[in-house]
Amino acid sequence: MKSLKDIHEGFREQALSPEDPDWPKNIHTDHLKDFIKRHTANKSDIKILDVGSGKARVSETLKPFFPDACFTGMDFVQESLNVALEKKRIDKAICLDLSKPLAQEVQGVFDIAFSTRAMFFLTTDEIKNALNI
């Protein structure tokens, strides 16, 4: 099994590499879009957390459907978050340190939190530690 440091370095290299321009065409976010609409109906100022956002390509595909929402990307690779912020895919960024519990100011702040293709890179202990459970 790869160490967290090896995984982090792999994602850091990916963050610095060119993006696939066809990527958004290859992901289906309808189920996520419907879930967000269903659980935030009649609510303004929606706060959405993209856990393990990377460069926030999923948030980018959702943003047009929720123009007034505040999208926050959370990842442990600062370079990916920088790309996401520069391309305006997210409004805010949280660089996560998996060796420490999730900051108190983050807990309970979001209306919706989602993760796509991110959590399976972590061990159960790393997830429990980050979520402080």
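Cys-95 is partly exposed, because its relative accessible area is 40%, a value between the 20% that bounds buried and the 50% that bounds exposed. This residue belongs to strand β3, which covers residues 92–95. The model it sits in is a predicted one. Setting aside neighbours up to four places away in sequence, Cys-95 touches Asp-75, Phe-76, Gln-78 and Leu-81. Glu-79 is 16 residues from Cys-95 along the chain. In space, their C-alpha atoms are 9.6 Å apart.

Now step back to the whole protein. Five helices and four strands make up its elements. Read from the N terminus, their order is α-α-β-α-β-α-β-β-α. The protein has 133 residues, and 38% of them count as buried. Consider next the contacts between residues at least 6 apart in sequence. Of these, 66% join residues at least 24 apart.

Strand β1 is a good place to look next. It spans residues 47–51. Four of its five residues are buried, so the rest of the structure largely encloses β1. Which strands pair with β1? One is β2, residues 70–75, which runs parallel to β1 and is joined to it by five bridges. Here Val-51 stands opposite Met-74 of β2. Another is β4, which also pairs with β1 in the parallel sense, over three bridges. On that side, Asp-50 stands opposite Phe-114 of β4. A helix enters the picture too: β1, α3 and β2 form a β-α-β unit, and the unit is right-handed.

Next comes the nonpolar interior. In soluble globular proteins, nonpolar side chains tend to be buried together. The largest nonpolar core in this model holds 15 residues. Ile-36, Ile-48, Leu-62 and Phe-71 have the most contacts inside it. Four elements each give two or more residues to this core: α2 (30–39), α3 (57–62), α4 (78–86) and β4 (112–114).

Take Leu-62 from that core. What does Leu-62 touch, beyond residues up to four places away in sequence? Its contacts are Thr-29, Leu-32, Lys-33, Ile-36, Phe-71 and Phe-114. Two of these, Ile-36 and Phe-71, are themselves among the core residues with the most contacts.

Lys-33 deserves a closer look. It lies in helix α2. Is Lys-33 buried or exposed? Its relative accessibility is 14%, so Lys-33 counts as buried, the limit being under 20%. Outside its neighbours up to four places away, Lys-33 touches Leu-62, Phe-65 and Phe-66. The charged end of Lys-33 sits over the ring of Phe-65, 4.0 Å from the ring centre. Rings do not pair with one another here: the count of aromatic pairs is zero.

Finish in the loop between α2 and β1. Asn-42 is placed there, and Asp-45 lies in that loop as well. Asn-42 has a positive phi of about 60°, although it is not a glycine. Asp-45 is not a glycine either, and its phi is positive at about 55°. How accessible are these residues? Asn-42 has a relative accessible area of 86%, so it is exposed. Asp-45 stands at 55% relative accessibility and therefore counts as exposed too.

How values were computed:
Residues numbered from 1 in each chain as written. Predicted model: local features only at pLDDT ≥ 70, side-chain atom pairs only at ≥ 80, totals over all residues. Heavy atoms only, no water. Core = buried A, V, L, I, M, F, W, Y, C linked by side-chain atoms within 4.5 Å. Buried < 20%, exposed > 50% of the residue type's maximum accessible area, 1.4 Å probe, protein only. Contact = heavy atoms within 4.5 Å. Phe/Tyr/Trp six-rings, centres within 6.5 Å; stacked < 30°, edge-to-face > 60°. Lys NZ or Arg CZ within 6 Å of the ring centre and 35° of its normal. Pairing = 2+ DSSP bridges. Right-handed = clockwise from strand over helix to strand, strands pointing away.
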